[in-house]
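Trainee: Could you take me through one helix of this model in close detail, and then show me how other parts of the fold are arranged? I would like to follow the reasoning step by step.

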Amino acid sequence: MKICKTIEEMRAASRAARGGGKRLGFVPTMGALHEGHLSLVRAAKASCEVVAASIFVNPTQFGATEDLAKYPRMFERDRELLEREGVELLFAPSVEEMYPAGATTWVTVEGLSDRLDGRSRPGHFRGVTTVVAKLFHIVEPDAAFFGQKDAAQVAIVRRMVRDLNFPVGIVACPIVREADGLAMSSRNAYLDLAQRKQALVLHRALMRVKKLWESGEGCAENLIAAGLEEVAREESVRLDYFEIVDAENLCRVEKVGSGALVAVAGFVGTTRLIDNILL
């Protein structure tokens, strides 16, 4: 696996890798890799001749009170995992490499960026779309692979790609869960044993909504009420939001049909976790 630290080096490596018409798949990450990330790599390998990944803890998507400083960084472990999965190229730039001094340009998807996590984390998605746009320009992939757990991010990146004519296919891959249903996340490492058990209420709430919807309930208000009731059973979990939205535009729906997104975010201790299901 070739490790590239500079933009110039990565551009040259990715263009060489695409020689002869080879299809290049790309998995952007912030490191602290788990099975969810590795499932994206496997999906990329299944449909592309060459796979590139990036590890970059992007400072512009963290708010002033968020966990940038303590976000887990374990580069050597992550590098070994990616190499074992057959990733050919790894882009691991510094903050200074990605954001030159005096940079003032942002990529913002208006409207969508203020919904779900964007409402709770102002500026978060501006940071996400800016860095993803930069990565797409640098790596020039044919397809990029994202996890469905970050459903709002998937919708926003899809819109950015459409609006700005990026020649990149966006592939959303299913959420990978622990045996008990907890969605895999780098932030799960912050949870102690008691909090780990408490966090399961998010998945239970989603499953309750799914079961109720499958029984014929189509009113979003009633479905949300059921989800809220389930979350309330775990008093130690502080809810951020519980919403049912259109998966493409992230707008709330009143009548819930097939393909609707049920999304939840909550704080377990000081750790903010998200989860969702597509009905």
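Mentor: Happy to; what follows starts with one helix and then moves on to other parts of the chain. Keep in mind that this is a predicted model.

Let's begin with helix H10, which covers residues 220-232. H10 has 13 residues and reaches 18 Å from its first C-alpha to its last, close to the 18 Å expected at 1.5 Å a residue. Which residues of H10 are buried? They are Ala-220, Leu-223, Ala-226, Gly-227, Glu-230 and Val-231. Looking down the axis of H10, you find these buried residues within an arc of 135 degrees, so they line one face of the helix. The general background helps here: an α-helix has 3.6 residues a turn, so residues three or four places apart point the same way. On the face of H10 turned away from the buried side sit the exposed residues Glu-221 and Ala-232. And what do the buried residues of H10 pack against? Their partners are helix H9 (200-214) and strand S7 (237-245).

Helix H7 (residues 151-163) makes a good companion case. Its length is also given as 13 residues, with a reach of 18 Å from first C-alpha to last, close to the 18 Å expected at 1.5 Å a residue. The buried residues of H7 are Ala-151, Ala-152, Gln-153, Val-154, Ala-155, Ile-156, Val-157, Met-160 and Val-161. They pack against several elements, among them helix H5 (117-120), H6, strand S5 (143-147) and strand S8 (261-268). Just after H7, Asn-165 takes a positive phi of about 60 degrees.Strand S8 brings us to Val-268, which lies in that strand. At 0% relative accessibility, Val-268 counts as buried. Val-268 and Leu-191 are 77 residues apart in sequence, yet their C-alpha atoms are 7.7 Å apart in space. Leaving aside neighbours within four places in sequence, Val-268 is in contact with Leu-191, Gln-195, Gln-198, Ala-199, Val-237 and Leu-273.

Now for a pair of helices. The axes of helix H1 (residues 7-17) and helix H6 (residues 124-139) come within 8 Å and cross at roughly 55 degrees. H1 and H6 are therefore oblique to each other. From H1, the contact uses Ile-7, Met-10, Arg-11 and Ser-14, while H6 supplies His-137, Ile-138 and Val-139. By type, the residues of this contact divide into four nonpolar, two polar and one charged.

Finally, let's visit some loops. Ala-32 sits in the loop between strand S2 (24-29) and helix H2 (35-47). Phi of Ala-32 is near 50 degrees, a positive value in a residue other than glycine, and with a relative accessible area of 7%, Ala-32 is buried. Leu-116, in the loop between helix H4 (95-98) and H5, has a positive phi of about 50 degrees although it is not a glycine. Is Leu-116 buried or exposed? Its relative accessible area is 1%, so Leu-116 is buried. Ser-185 belongs to the loop between strand S6 (169-173) and helix H8 (193-198). Ser-185 is buried as well, with a relative accessible area of 16%, under the 20% cut-off. Setting aside neighbours within four places in sequence, Ser-185 is in contact with His-34 and Lys-149.

Methods:
Residues numbered from 1 in each chain as written. Predicted model: local features only at pLDDT ≥ 70, side-chain atom pairs only at ≥ 80, totals over all residues. Heavy atoms only, no water. Helix = DSSP H or I, 4+ residues; strand = E, 2+ residues; numbered from the N terminus. Expected span 1.5 Å × (residues − 1). Buried < 20%, exposed > 50% of the residue type's maximum accessible area, 1.4 Å probe, protein only. Arc of directions from axis to C-beta. Contact = heavy atoms within 4.5 Å. Axes fitted to C-alpha atoms, helices over the stretch in contact; angles between N-to-C directions. Parallel < 35°, antiparallel > 145°, perpendicular 65-115°, else oblique. Nonpolar A, V, L, I, M, F, W, Y, C, P; charged D, E, K, R; others polar.
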